[in-house]
Amino acid sequence: MSEIEKYPLFADEFALADQLALADLHCGEEPWARAATEWIRGTEVLDAIERFQTSVWIFRDVEDFIIGFGALEATSWKKWPPPDGKKSRLLYLRHLGIGAKYRGFPPEREYRYSNRILEHLIAQAKKMAITIRDSKPPSKHVELLTLMVHRDNLPAQKLYQRYGFELLDGFERDDHFAMSHRLDLDSDSN
Amino acid sequence: MNIKLEQPSDFPLDAFRALLQASPGQQEILHRYMECSDSIQSVVRLMFAVLENPHVTDEDRHRATRTIADAIYLKPEAGHGSYGFDLAKVEREPATKHPEEHRRPLIAQRLDQLDQQQATFSERLRSILEQKNVTQEELAVRIECTQSAISKMITRNSRPHKKTILKMAAALSVSPTELWPDLEVASILDSIADFPAERELNEQQAAALDAALARPPVKVVVRELPARARK
């Protein structure tokens, strides 16, 4: 039995009914982990879905335990070229949270939950980018999947770097910096 | 101001009708606005114009809303602000009257969480003042507000703004998180939420986006996960 068969992972779109089960999800004690926990367990997730059409997935194992979650959306229009343009949108990975007890699990990196969740989110981002590019302009930078990461969250930074995310200058805010990944929209590798 | 009310047409019917239709929370906001000095009312009107302008950014709207919130809770007679505002009544309404019933328990849960944080803040502030032998009056002078504003925060009749917590922490030489433990979490959520909402790009950001777009696409195998029938 392969690791994937041994540790299957499922992705379902967030539903209100998940709120009850999410009460047991703890992403960790670091400030960014507490922020992720608070976001998914509070009302912020509902606000994001309503106001920004954020897509949220809940990841479960075969026993139906929640392993983590991810939230993806298109940003508002950015004025490009600055200062008066109105042509740019980016994709934005608002949150990726994993239960603290599932960090580094399973041990073999290829099958690790964090990797598989990020891969799923990149695959969804590609679909979203293609839809926007083809039917919902403006789409100048929509091939860029962006995110904000806390400067002290080194494991997350390493994870994102493994998947081709690079620093995006000029968007630093408080203790966060931005990273971007240019999506490969012409391949069907997912 | 010399106002005459002699004819039925002198009566501001439309304005009165709108006032009657306002919710209790909205009426309280209007009441507070009317109590403000002319100069503060002028600021509120300016900020209202920002909210009405369809061309401003979400960030500008957010700032304007916060400025109004600050302004209408000023005490004109004291010349400065209460540095906190009591939203209890306005906030609690959605927990019992939100049109989508399924959201009410979640809103109530969130409010309970805020209450808990406020209680922790109150206890901690009281304890730090005691340890450092600082009176409410002295703290008020240090952060340029009134003693009654400090008192309201300690008695949980008013919730402090983040900037007030930061000022207090500096004035008391403690870390802001010693006063409000989840301040860092709130700040992280703000940072994450601000990025997608901002529309203004500066030259450096625009150049960074173009440079990122000029790079070749990332060739990485991604595996989409299956959905699962819910139990």
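**Fold and chain contacts of the predicted model**

Among the contacts in chain A that link residues at least 6 apart in sequence, 61% connect residues at least 24 apart. The structure described here is a predicted model. Chain A has 190 residues, of which 46% are buried. Its secondary structure consists of 6 helices and 7 strands. Followed along the sequence, these elements give the pattern α-β-α-α-α-β-β-β-α-β-α-β-β.

The strands of chain A were examined next. An open sheet is formed by 7 strands of chain A, in the order β1-β2-β3-β4-β5-β7-β6, and the pairing within this sheet is mixed. Strands β1 and β6 of chain A occupy the edges; each has a single partner strand, and therefore one side of each is left without a neighbour in the sheet. On average, neighbouring strands of the sheet are turned by 30 degrees against each other, direction ignored. At the β1 edge, strand β1(A) is joined by 4 bridges to β2(A), which spans residues 55-60, and these two strands run antiparallel. Within this pair, Ala11(A) has Phe59(A) of β2(A) as its bridge partner.

Phe59(A) also appears in the nonpolar interior. The largest nonpolar core contains 63 residues, and those that touch the most other members are Phe59(A), Leu91(A), Leu121(A) and Ala125(A). Among the secondary structure elements, α5(A) gives the most to this core, with 7 residues. Another core, of 12 residues, lies apart from the largest one and includes Ala149(B), Ile150(B), Trp180(B) and Leu183(B). When residues up to four places away in sequence are not counted, Phe59(A) touches Leu9(A), Phe10(A), Ala11(A), Ile67(A), Gly68(A), Phe69(A) and Ile117(A). Ala11(A) is thus both a bridge partner of Phe59(A) and one of the residues that Phe59(A) touches.

The contacts between the two chains were considered last. In chain A, 59 residues are in contact with 44 residues of chain B. The side of chain A that touches chain B receives at least two residues from each of the helices α3 (31-41), α4 (44-52) and α5 (113-135), and likewise from each of the strands β1 (10-13), β4 (91-98), β5 (144-150), β6 (166-173) and β7 (176-182). The element that gives the most to this side is α3(A), with 6 residues. Grouped by class, the side of chain A that touches chain B comprises 25 nonpolar, 16 polar and 18 charged residues. Helix α5(A) accordingly has a part both in the largest nonpolar core and in the side of chain A that touches chain B.

Conventions. Residues numbered from 1 in each chain as written. Chains lettered and ligands numbered in written order. Predicted model: local features only at pLDDT ≥ 70, side-chain atom pairs only at ≥ 80, totals over all residues. Contact = placed C-beta atoms within 7 Å. Nonpolar A, V, L, I, M, F, W, Y, C, P; charged D, E, K, R; others polar. Buried ≥ 20, exposed ≤ 12 C-beta atoms within 10 Å, placed from the backbone. Core = buried A, V, L, I, M, F, W, Y, C linked by C-beta atoms within 7 Å. Pairing = 2+ DSSP bridges. Axes fitted to C-alpha atoms, helices over the stretch in contact; angles between N-to-C directions.
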